[in-house]
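Thanks for coming, everyone. I'll put the sequence and the model up, and then I'd like to walk you through a few spots in it.

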Amino acid sequence: MKRILALILLHIVVTLPLSGCWNRRELNELAIAVAAGVDWVDDRYRLTVQVAIPGQVTSKKSGGPQAPATLYTAEGDTIFEASRRMTQVSPRKIYFSHLRMFLMDEAMAREGIAKVLDLLSRDHEFRPDFYLVITRGATAEETLKIMTQMETIPANKLYESLQTSEKAWSASMTVTLDELINDLTSSGKHPVLTGLIITGDRDIGRTRKNVENIDTPGQLKYSGLAVFKLDKLIGWLNEKDSRNYRLISGDVKSSVSFIPCKNEGKIIIETLRTDSKLKGRIVESRPEMDIRINMEGNIGAVECSGLDLSEPATVRELEAEMEENLKRSLESVVDKVQSKFKVDIFGFGEAFRRSHPREWKEMEKTWNERYFPNLKTNIHVDYKIRRTGTTNDTFLNDIKE
């Protein structure tokens with residue numbers, strides 16, 4: 001009898017963990033959030049959530065009069081409070097596990113984003129794989145109202161466009177929640193986030209007319225990088241400086257640049273591979289930073305005549321000119337950040353900590369105030385042109401007036 005009772009008890013203990021549906025929630029009971037944004041309005045949080053409407057994005061039912069997504073907005077003294085207040089207008093509880101984009105406006109970013117990030121990292125419904133951006137010249141609510149082409153749900157457009165821009169142009173960058181928190185808590189690097197603006201007609205952008213014609217009146221565009229001091233926005237890098245910043249960081253996968261011809265036109269060069277190495281050193285009791293960047297690219301187009309790319313000397317001359325141009329550009333962005341922002345967004349402090357951990361302990365507390373603004377940087381660029389395209393010559397040499 002005791003053996004039978006023991007077997008029954010063992011069976012109950014073994015099968016109990018298998019009944020994992022005690023807190024289940026059916027899909028038809030949830031509102032799937034694909035994007036969210038926070039604005040700082042009158043010392044309160046305004047939370048806006050973009051919710052996908054499944055019936056409007058399926059192949060059988062899409063194209064009807066209803067929009068593919070809907071927007072819910074609520075305010076509160078905390079984001080958690082604003083989220084719960086949405087139940088007053090939403091027929092379903094907002095579910096954040098499939099979030100793709102999280103937007104914060106400039107006012108929120110200048111106030112400080114640490115409290116927002118604490119909620120996002122603490123709530124079990126938020127996965128850390130969504131991207132964070134800062135809206136410029138518009139609130140997060142206004143930005144999330146813009147309808148987009150190609151991708152039916154605007155959040156998907158923002159997600160895919162940011163990934164594509166990072167890989168093909170390099171002036172923008174993807175930043176996930178974990179990456180942002182790591183930069184915030186690092187003593188040798190301050191964070192940056194991509195900026196997002198609305199171009200064109202905002203009023204039409206909020207209506208279906210925005211996607212009815214081949215020309216889209218209102219568009220969402222990534223523009224520049226936001227510079228932070230700890231968790232507060234202090235300024236912006238323009239497109240050129242953003243690309244140079246990413247070269248120093250070693251994040252560039254592909255980009256396009258040019259060399260002016262000696263007469264007229266340009267030589268277009270596509271960069272395909274980059275590698276950046278930062279190493280700190282001590283010179284006469286002061287820190288210095290060595291920046292070594294190795295790059296490879298191909299000739300994309302030639303607009304000038306009289307250029308023979310079959311000659312190795314010509315290619316070497318182009319490589320040398322690219323190296324000199326890039327060096328000047330990289331020195332310019334470092335000088336700008338040192339003089340204007342005075343915060344280490346490049347990770348020089350982290351590189352110095354790895355190479356000189358003992359000295360870093362003495363410099364850590366005053367790195368951004370004392371050492372970084374006056375840090376001497378030695379930039380070395382090695383550029384290799386691997387291919388010149390399907391022809392060494394250009395037909396421009398054969399065009400005669």
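**One helix, two pockets, and a pair of odd loops**

Let's start with α10, which gives the second largest pocket more of its lining than any other element does, 4 residues in total. Before I go on, keep in mind that this is a predicted model.

So what else lines that second pocket? α8, β11 (266-283) and α12 (348-355) are there too, and each of these, like α10, supplies at least two residues. The volume comes to about 360 Å³. There are 21 lining residues, and the ones closest to the centre are Met173, Lys189, Tyr245, Ser249 and Asp251. By type, the lining splits into 7 nonpolar, 5 polar and 9 charged residues.

Now the largest pocket, at about 460 Å³. It has 19 lining residues, with Arg243, Ser257, Phe258, Leu326 and Ser329 closest to its centre. Look at which elements give two or more residues here: α10 again, plus β10 (255-260) and α11 (312-341). This lining divides into 9 nonpolar, 7 polar and 3 charged residues.

Okay, the helix itself. How many of the residues of α10 are buried? The helix covers residues 239-249, and 8 of those 11 are buried. That set is Asp241, Ser242, Arg243, Asn244, Tyr245, Arg246, Leu247 and Ile248. You've met two of them already: Arg243 is among the residues closest to the centre of the largest pocket, and Tyr245 is among those closest to the centre of the second largest.

The ends of α10 are worth a look as well. At the start, asparagine 238 has a side-chain oxygen within 3.3 Å of the backbone nitrogen of lysine 240. Just past the other end, glycine 250 has a positive phi of about 80 degrees.

Speaking of positive phi, let me show you two cases that aren't glycine. One is serine 170, again with phi at about 80 degrees. You'll find serine 170 in the loop between α7 (154-168) and α8 (177-185). The other is aspartate 42, where phi is near 50 degrees. Aspartate 42 belongs to the loop between β1 (30-41) and β2 (44-52).

Which of the two is buried and which is exposed? Serine 170 has a relative accessibility of 1%, so it counts as buried. Aspartate 42 is exposed, at 71% relative accessible area.

Aspartate 42 takes us to the strands. The hairpin that β1 makes with β2 has 2 residues between the strands, and aspartate 42 has its positive phi there. What does β1 pair with? Along β2, the two run antiparallel and are joined by 8 bridges. With strand β5 (residues 101-105), the pairing is parallel, over 4 bridges. And with strand β4 (residues 93-95), also parallel, there are 3 bridges.

If you want residues to click on, try valine 38. Its bridge partner in β2 is leucine 47, and in β5 the partner of valine 38 is methionine 104. For the β4 pairing, go to leucine 30, which stands opposite lysine 93. As for cover, β1 has 10 of its 12 residues buried.

To pull it together: α10 is mostly covered, and it contributes to the linings of the largest pocket and the second largest one. β1, mostly covered too, pairs antiparallel with β2 and parallel with β4 and β5. That's my tour, and I'm happy to go back to any of these views.

Conventions
Residues numbered from 1 in each chain as written. Predicted model: local features only at pLDDT ≥ 70, side-chain atom pairs only at ≥ 80, totals over all residues. Heavy atoms only, no water. Buried < 20%, exposed > 50% of the residue type's maximum accessible area, 1.4 Å probe, protein only. Polar contact = N/O pair within 3.5 Å; in protein donor to acceptor, adjacent residues only side chain to side chain. Pairing = 2+ DSSP bridges. 1 Å grid on protein atoms, 1.4 Å probe; cavity = no way out; pocket = protein on both sides within 12 Å on 5 of 7 lines; lining within 4 Å. Points joined across faces, edges and corners; volume = space filled by probe spheres on them. Nonpolar A, V, L, I, M, F, W, Y, C, P; charged D, E, K, R; others polar.
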